[in-house]
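Okay, everyone, thanks for coming. Let me put this one up on the screen, and then I'll walk you through the parts I looked at.

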Amino acid sequence: MLALGALTAVAAENYRNIGVNAKLEAMGSKLRLSHAEFSVSREGSFDTVRTVFFKNTGNKQLGHHWAADENLAGFPSTSIFYVTDTVDGAANDGMGGSIDANVTTSQIDAGMAAWDAIGCATLPIVNGGAVPLDLGLVEDLVGGFGSSGLTLVGGVTHGGWLPWEFFEIIGGPGGGNGILGVTFTFIWTDDDGNPLDSNSDGKIDTALREIYMNNNFAWEIGNAQGTGVFDIVAVMNHEQGHALSQGHFGSIIRNGAGKLVWTPKDGDNVMLAAISSNQLFEGFQGSDIGGHCSIWADWPLK
Ligand SMILES: [Ca+2]
Ligand SMILES: [Ca+2]
Ligand SMILES: [Ca+2]
Ligand SMILES: [Zn+2]
């Protein structure tokens with residue numbers, strides 16, 4: 001089972017520099033953008049399907065996880081809070097219109113409630129509210145997307161649906177046509193720029209996470225439109241799994257003939273790295289639940 005990002009054997013080419021950390025450093029912030037999980041279209045050919053790192057944190061074996069600690073939320077808390085940006089909340093419906101932010105927000109709330117309902121952990125996931133502000137630190141530091149730069153320190157920010165250009169920047173060429181959604185993890189660093197593990201659980205403390213969805217794709221709720229239109233629920237629940245520290249299940253490799261090979265071949269596990277447009281969320285599978293429970297069963301002790 002892959003959990004906590006499966007941070008082994010990170011090749012040099014898996015580091016990307018999108019300028020975010022230099023800006024944070026210049027601002028005097030102790031926050032650093034650590035990594036992102038890209039969730040890709042199963043029908044596509046975009047092959048940056050592993051965890052992508054933005055900062056070399058030295059020990060690549062370490063995972064990343066929330067810590068119930070005053071370093072994180074600014075106050076001691078064992079709850080995971082999330083907020084939702086409604087300014088970027090409209091999803092392209094593929095027919096020249098959009099799915100309203102009220103509808104996408106209700107799916108975001110349902111997704112978090114579904115994870116919370118797994119119930120093997122004493123983990124309150126708390127809705128901090130949907131706000132008419134353009135939230136998002138990554139989109140602000142990347143620039144050009146109109147963000148307020150506001151984000152939820154110590155929690156999860158749903159930064160909305162962003163255009164093709166954003167995903168080309170964060171993922172590189174092909175990202176705009178390949179990445180369905182992304183979850184960014186920020187960490188805290190000390191005065192020397194080293195990652196913190198304030199609760200000594202062997203995992204770098206997650207400072208905040210941000211989820212963005214790609215509006216270059218067409219979206220629906222469910223699978224009434226079949227191929228070519230992606231289920232918001234399936235992709236959002238997947239991103240929220242990352243926000244709750246779960247990594248991808250299974251693997252994707254490029255074979256000798258240059259084709260992408262998926263394992264397991266036909267799984268509908270929510271945490272598979274690639275998601276088909278002809279798929280809908282039908283509940284969590286055993287690996288999703290097992291991964292969640294292995295991460296959260298001992299919370300908030302570790
Ligand atoms: Ca936003
Ligand atoms: Ca830690
Ligand atoms: Ca569909
Ligand atoms: Zn993913």
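Let's start at a metal site. If you run along the chain picking out the donors of the calcium ion, ligand 1, you get the spacing D-x2-D-x45-D-L-x3-E-x19-G. Two of those donors tie together distant parts of the chain: Asp-88 sits in the loop between strand 4 (80-85) and strand 5 (91-92), while Leu-135 is in the loop between strand 7 (125-131) and helix 4 (137-142), 47 residues apart. Both Asp-88 and Leu-135 are buried.

Here's the full donor set for ligand 1: Asp-85 (OD), Asp-88 (OD), Asp-134 (OD), Leu-135 (O), Glu-139 (OE) and Gly-159 (O), at 2.1 to 2.4 Å from the ion. And what's the geometry of the site? It comes out octahedral, with six donor atoms and angles of 69 to 165 degrees among them.

I should say right away that this is a predicted model. Average pLDDT for the protein is 86, and 88% of the residues score at least 70. The part to watch is residues 1-13, where pLDDT stays under 50, though the model does give that stretch 32 contacts beyond four places in sequence. Where pLDDT is low, don't read the predicted coordinates in detail.

Okay, second calcium ion, ligand 2. Its coordinating residues are Asp-197 (OD), Asn-199 (OD1), Asp-201 (OD), Lys-203 (O) and Asp-205 (OD), at 2.3 to 2.4 Å. Along the chain, the spacing here reads D-x1-N-x1-D-x1-K-x1-D. Are Asp-197 and Asp-205 buried or exposed? Asp-197 counts as partly exposed, because its relative accessibility is 29%, whereas Asp-205 is buried, at 1%.

Now, salt bridges. How many does the structure hold? Just one. The side chains of Lys-30 and Asp-191 make it, 2.7 Å from N to O. This pair also links distant parts of the chain, 161 residues apart: Lys-30 is in the loop between helix 1 (20-26) and strand 1 (31-41), and Asp-191 is in the loop between strand 9 (179-188) and strand 10 (203-214). Lys-30 is partly exposed, with a relative accessible area of 34%, and Asp-191 is exposed, at 68%.

Last stop, helix 8, residues 286-296. Which of its residues are buried? Ser-287, Asp-288, Gly-291, His-292, Cys-293, Ile-295 and Trp-296. And what do they pack against? Strand 3 (63-65), strand 4 and helix 3 (101-117).

That's my tour, so over to you for questions.

Definitions and conventions
Residues are numbered from 1 along each chain as its sequence is written. Chains are lettered from A and ligands numbered from 1 in the order in which they are written. This is a predicted model: local features need pLDDT of at least 70, side-chain atom pairs count only at pLDDT 80 or more; totals for chains, interfaces and linings use all residues. Side-chain values use heavy atoms; hydrogens and water are left out. A salt bridge is a side-chain nitrogen of Lys or Arg within 4 Å of a carboxyl oxygen of Asp or Glu. Helices (H or I, at least four residues) and strands (E, at least two) are DSSP runs, numbered from the N terminus. Buried means under 20% relative accessible area, exposed over 50%, partly exposed in between (1.4 Å probe, protein chains only). pLDDT is the predictor's confidence in each residue, from 0 to 100. Contact means heavy atoms within 4.5 Å. Donors are N, O and S atoms within 2.8 Å of the metal (3.2 Å for Na, K and Ca); water is not among the atoms, so sites may look incomplete. Four donors count as tetrahedral if all angles lie between 85 and 135 degrees; four count as square planar and six as octahedral if opposite donors are over 155 degrees apart and all others between 65 and 115; anything else is irregular.
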